[in-house]
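Grab a pencil and keep a viewer open. Here are some exercises to work through, each with a solution that goes step by step.

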Amino acid sequence: MATVRIATTEVQVDDIIYTFSSTDRADAFEACVATVDLSHCETDHTPVGRRPADKVSQIDFTQEAALAEDGGINFNAIVDGKPVQCKISQAALEQHFGAQPASDPLTAYTRDRERIHALAERKLRKQPQQRVLIEAQDIG
């Protein structure tokens, strides 16, 4: 059984995304699924909603990145062979990746590219083929 944390209150198990009222409830469900059968966890940690996950089989990121006019970084993903534009805001780079306001944010992006791409991938798996914007509040 494949489990992926989609967001602070969402957990994907196989082809279903479960939504919870709080991060604590999502944490408890995710921990339960790792050790017990799914039906037991659905009963003990009842989600507030569930929906089918969009089927995305392949997400890759190009090595190209460019400074956006507002100080963020634009980069691209390839989702099942189709390009999708992605961006991380300047505020996210400064607050979570050590970019300094007067420095080159591209350096912070390059240094933490894997982590930034993981954040983008989570959003893409939730809403494939839609532009991705990673803002400071998206990062926990």
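**Exercise 1.** Is D14 buried, partly exposed or exposed? Then place D14 in the chain and look at its phi.

*Solution.* Keep in mind that this is a predicted model.
- Step 1: start with the area. The cut-offs are under 20% for buried and over 50% for exposed. D14 has a relative accessibility of 39%, so D14 counts as partly exposed.
- Step 2: find the spot. D14 belongs to the loop between β2 and β3.
- Step 3: check the backbone. D14 is not a glycine, yet its phi is positive, about 55°. For background, most residues other than glycine have a negative phi.

**Exercise 2.** Which residue in the loop between β6 and β7 has a positive phi without being glycine?

*Solution.*
- Step 1: go to that loop, where you'll find D80.
- Step 2: read its phi, which is near 50°, a positive value in a residue other than glycine.
- Step 3: look at the setting. β6 and β7 make a hairpin with two residues between the strands, and they pair antiparallel over seven bridges. One pair to find along the way is N76 opposite Q85 in β7.
- Step 4: get the exposure. D80 has a relative accessible area of 35%, so D80 is partly exposed.

**Exercise 3.** Walk along β6 and sort its side chains: which point to one face and are buried, and which point to the other and are not?

*Solution.*
- Step 1: take the buried face, with I73, F75, A77 and V79.
- Step 2: take the other face, with N74, N76 and I78, which are not buried. The side chains alternate along the strand.
- Step 3: add the partner strand. β5 and β6 run antiparallel and are joined by six bridges; L67 has I73 in β6 as its bridge partner.
- Step 4: check the turn. The hairpin of β5 and β6 has five residues between the strands, and G71 in the turn has a positive phi of about 95°.

**Exercise 4.** Which residues of α5 are buried, and why do they sit on the same side of the helix?

*Solution.*
- Step 1: list the buried residues, namely R113, I116, H117, L119, A120 and L124.
- Step 2: look down the axis. These residues cover an arc of only 155°, which puts them on the same side of α5. The general rule helps here: an α-helix has 3.6 residues a turn, so residues three or four places apart point the same way.
- Step 3: ask what covers them. The cover includes β5 (59-67), β6 (73-79), β7 (82-88), α3 (90-97), α4 (105-111) and β8.
- Step 4: check the helix length. With 14 residues at 1.5 Å each, α5 should span 20 Å, and its end C-alpha atoms are 20 Å apart, which agrees.

**Exercise 5.** Do the same for α3: which residues are buried, and what do they pack against?

*Solution.*
- Step 1: the buried ones are A92, L93 and F97.
- Step 2: their arc around the axis is only 100°, which puts them on the same side of α3.
- Step 3: they pack against β6, β7, α4, α5 and β8.
- Step 4: step off the end of the helix. G98 follows α3 and has a positive phi, near 75°.

**Exercise 6.** How many residues does the largest nonpolar core have, and which have the most contacts inside it?

*Solution.*
- Step 1: the core has 23 residues, and F75, I88, L93, L124 and I134 have the most contacts inside it.
- Step 2: trace the suppliers. β5, β6, β7, α3, α4, α5 and β8 each give at least two residues to this core.
- Step 3: look elsewhere too. A second, separate core has nine residues, among them V13, F20, F29 and V33.

**Exercise 7.** What is the strand order in the open sheet of four strands, and which strands are at its edges?

*Solution.*
- Step 1: the order is β1-β2-β3-β4, with antiparallel pairing.
- Step 2: β1 (3-7) and β4 (49-52) are the edge strands, each pairing on one side only.
- Step 3: neighbouring strands here are turned by 25° against each other on average, direction ignored.
- Step 4: zoom in on one pair. β3 (residues 16-19) and β4 pair antiparallel over four bridges, and Y18 stands opposite R50 in β4.
- Step 5: bring in the helix. α5 lies across β1, β2 (10-13) and β4, and runs at about 95° to β1.

How values were computed
Residues are numbered from 1 along each chain as its sequence is written. This is a predicted model: local features need pLDDT of at least 70, side-chain atom pairs count only at pLDDT 80 or more; totals for chains, interfaces and linings use all residues. Side-chain values use heavy atoms; hydrogens and water are left out. The expected span of a helix is 1.5 Å times one less than its number of residues. Buried means under 20% relative accessible area, exposed over 50%, partly exposed in between (1.4 Å probe, protein chains only). The arc is that of the directions from the helix axis to the C-beta atoms. Contact means heavy atoms within 4.5 Å. A nonpolar core is a set of buried Ala, Val, Leu, Ile, Met, Phe, Trp, Tyr and Cys residues joined through side-chain atoms within 4.5 Å. Two strands pair if DSSP finds at least two bridges between them. Axes are lines fitted to C-alpha atoms, for helices over the stretch in contact, and angles run from 0 to 180 degrees between N-to-C directions.
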